[in-house]
Amino acid sequence: LHMGKTMKEDLIVVVKYIKQLYPPEFNVFNTYAELYHNYFASQAKKNAESHLEDKDVYLLLSWVHKIYPEDMRKDHALAKELEKVKLGSLLPSSLSKELEKKYLDSEEATIKNSLIKCLDKEIQGWKEDKEPEKLNGHFQSELLAIFVIQSIYSGQKRAKDISTAVGEELLHRLSRELPAFLRSYKDAFEDFKEKSKKHRYYKPILIANINNCCNFRDYAEKNMPEKDDNKASILITLGDIENSVFDVLLQQLFAQLKPIYKKFTENKWDSSNEIMNEIIKTTSKHISDFRTLKDPFYHAIIEKIHAHLVKEYIVRLLKRKVSLKTPAQQQNLAQHVSKNAADLEAFCTSNGSQATWLNSALPKMAEVIRLQDLGAIKIEVATLARTYPDIRKRHLEAFLYIKANLSRSELKSILGYLSGSTSSMSPRAPLFSNINVS
């Protein structure tokens with residue numbers, strides 16, 4: 001700092017007062033600048049070749065790449081004159097590269113170790129008999145995400161402050177650390193998830209950790225290139241964590257719903273309104289627990305519930321338990337299905353489901369049950385197939401078992417029409433492909 005200040009101030013004196021005292025051909029400013037630079041460079045080289053602590057390596061590199069070339073040599077009073085002098089760098093390129101490698105190795109190791117310690121501390125926190133904190137009504141364990149992201153961001157910023165090239169190299173190195181950290185995090189979390197089911201705050205801890213994924217996902221989306229393999233790895237790992245938590249959170253609800261859905265076919269759909277009310281009531285009790293999820297995850301889990309409720313209803317329609325011979329009987333069932341579909345849609349929508357793609361499945365199936373004209377049935381089947389391109393012949397065949405007044409030739413005609421109407425494109429979200437027909 002003393003040498004830098006002395007060089008800068010002295011060269012300003014040369015520019016302002018001494019230069020004009022010499023004939024131009026003496027190039028007196030060049031002489032002064034070269035002598036100061038050579039001395040400064042020799043001292044920098046001497047320091048670089050001695051044993052330096054990490055913070056000294058960082059400071060010396062800052063002088064070489066930033067302070068000396070940008071703050072000193074581009075000072076408004078000196079820049080014009082110094083442009084005429086070929087001073088070069090403070091350090092030889094080979095020595096500068098050696099220092100950069102030492103700095104990058106040290107910074108990478110420091111950040112890596114701090115991430116390991118942070119994860120260990122987080123794991124210890126899961127084992128404590130303590131409910132996670134809440135922020136804006138959401139369980140959180142955000143110190144982990146904040147610390148990890150801040151460590152990586154701060155490391156990148158420090159490196160970039162040395163030079164763009166050094167910053168990019170550290171970014172390249174650290175881009176491998178975050179996927180590796182998240183894999184370790186996932187493994188530790190899976191271990192907790194499997195072994196700690198009797199933990200007093202088991203579900204709140206699961207929810208707090210899924211909420212953590214939001215911060216990591218936002219960071220990767222905003223700060224990593226689209227085609228980066230590390231970004232893809234990060235998003236896959238986060239997706240695995242999120243889906244595994246959803247599965248656990250929904251397991252109890254889905255188990256409770258299974259015997260309720262069986263009542264539809266056991267009662268020949270006669271008590272369908274009461275059964276749907278029971279389904280909605282049971283689901284409501286569980287949804288209140290999910291309000292502690294952050295919005296993206298809350299909407300995702302509600303969509304999974306919505307899809308499950310619709311899918312399970314379709315499963316019952318495809319069970320070949322009810323065969324109705326008269327139009328009046330079919331009309332009656334169609335009304336039940338329409339009413340149940342409306343109640344289901346209203347319930348899911350009021351609880352925040354954005355899965356509007358599910359809403360037309362049951363009404364369209366109700367319409368197929370209601371219609372008696374063969375041409376009209378074919379049109380409705382074609383519409384159903386365009387809306388849900390994963391519907392297959394086996395699904396429709398099981399469903400049409402309800403319409404016992406269809407002749408074999410009419411049934412064959414409808415099924416043939418389906419094969420010509422289904423799209424080869426994969427559906428945006430599968431519905432029928434998740435339904436096995438026995």
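Helices here are DSSP runs of H or I with at least four residues, numbered from the N terminus. The model is predicted.

**Stop 1: two loops with positive phi**

Select R320, which sits in the loop between helix 11 and helix 12. Its phi is near 55°, a positive value in a residue other than glycine. Most residues other than glycine have a negative phi. R320 has a relative accessible area of 35%, so it counts as partly exposed.

Go next to K268, in the loop between helix 9 (229-266) and helix 10 (272-290). The phi of K268 is also positive, near 55°. K268 is partly exposed, at 48% relative accessibility.

**Stop 2: the second largest cavity**

Keep R320 selected and add T265, W269, R316, L317, K319, K321, V322 and I402; together with R320 they line the second largest cavity. Its volume is about 40 Å³. The lining consists of four nonpolar residues, one polar and four charged.

**Stop 3: the largest cavity**

The model has three cavities of 30 Å³ or more. The largest cavity holds about 60 Å³ of space. To display its lining, select H306, V310, A341, L344, E345, L358, N359, L362 and P363. Helix 11 (295-317), helix 12 (327-350) and helix 13 (361-370) each give two or more residues to this lining. Which helix supplies the largest share? Helix 12 does, with three residues. By class, the lining of the largest cavity has six nonpolar residues, two polar and one charged.

**Stop 4: a salt bridge within helix 12**

Stay on helix 12 and select D343 and K339, which lie four residues apart in this helix, about one turn. Their side chains meet in a salt bridge at 2.8 Å, N to O. K339 is partly exposed, with 40% relative accessibility.

**Stop 5: salt bridges elsewhere**

Side chains of opposite charge can pair when their charged atoms come close. The structure holds 24 salt bridges. Select R173 and E108, whose side chains meet in one of them at 3.0 Å, N to O. R173 belongs to helix 7 (residues 164-195) and E108 to helix 5, so the pair ties together parts that are 65 residues apart in sequence. Are these two residues buried or exposed? Both R173 and E108 are buried. Now add K101, D105 and E169: with E108 and R173 they are linked in a network of salt bridges.

For another pair, select E194 and K193, which form a salt bridge with the closest N and O atoms 3.7 Å apart. K193 is buried, with a relative accessible area of 5%, whereas E194 is partly exposed, at 47%.

**Stop 6: the largest pocket**

Select E122, G125, Q140, S141 and L143, the residues closest to the centre of the largest pocket among the 20 that line it. This pocket has a volume of about 600 Å³. Helix 5 (93-127), helix 6 (142-162) and helix 8 (202-223) each contribute at least two lining residues. The lining of the pocket comprises nine nonpolar residues, four polar and seven charged.

**Stop 7: a nonpolar surface patch**

Finish with L21, Y22 and F26, which form a nonpolar patch on the surface. Their accessible area together is about 350 Å². L21 is found in the loop between helix 1 (2-18) and helix 2 (28-48). Why does L21 count as exposed? The cut-off for exposed is over 50% relative accessible area, and L21 has 66% relative accessibility.

Definitions and conventions
Residues are numbered from 1 along each chain as its sequence is written. This is a predicted model: local features need pLDDT of at least 70, side-chain atom pairs count only at pLDDT 80 or more; totals for chains, interfaces and linings use all residues. Side-chain values use heavy atoms; hydrogens and water are left out. On a 1 Å grid over the protein atoms alone, a cavity is a set of points where a 1.4 Å probe fits but cannot get out, and a pocket is an open set with protein on both sides within 12 Å along at least five of seven lines; lining residues have an atom within 4 Å of a point. Grid points are joined across faces, edges and corners, and a volume is the space filled by probe spheres set on the points. Ala, Val, Leu, Ile, Met, Phe, Trp, Tyr, Cys and Pro count as nonpolar, Asp, Glu, Lys and Arg as charged, and the others, Gly among them, as polar. Patches are made of residues with over 30% relative accessible area and no salt bridge: like charges are joined within 9 Å, nonpolar side chains (Val, Leu, Ile, Met, Phe, Trp, Tyr) within 5 Å. Accessible areas come from the Shrake-Rupley method with a 1.4 Å probe; for residues, only the protein chains shown count as cover. A salt bridge is a side-chain nitrogen of Lys or Arg within 4 Å of a carboxyl oxygen of Asp or Glu. Buried means under 20% relative accessible area, exposed over 50%, partly exposed in between (1.4 Å probe, protein chains only).
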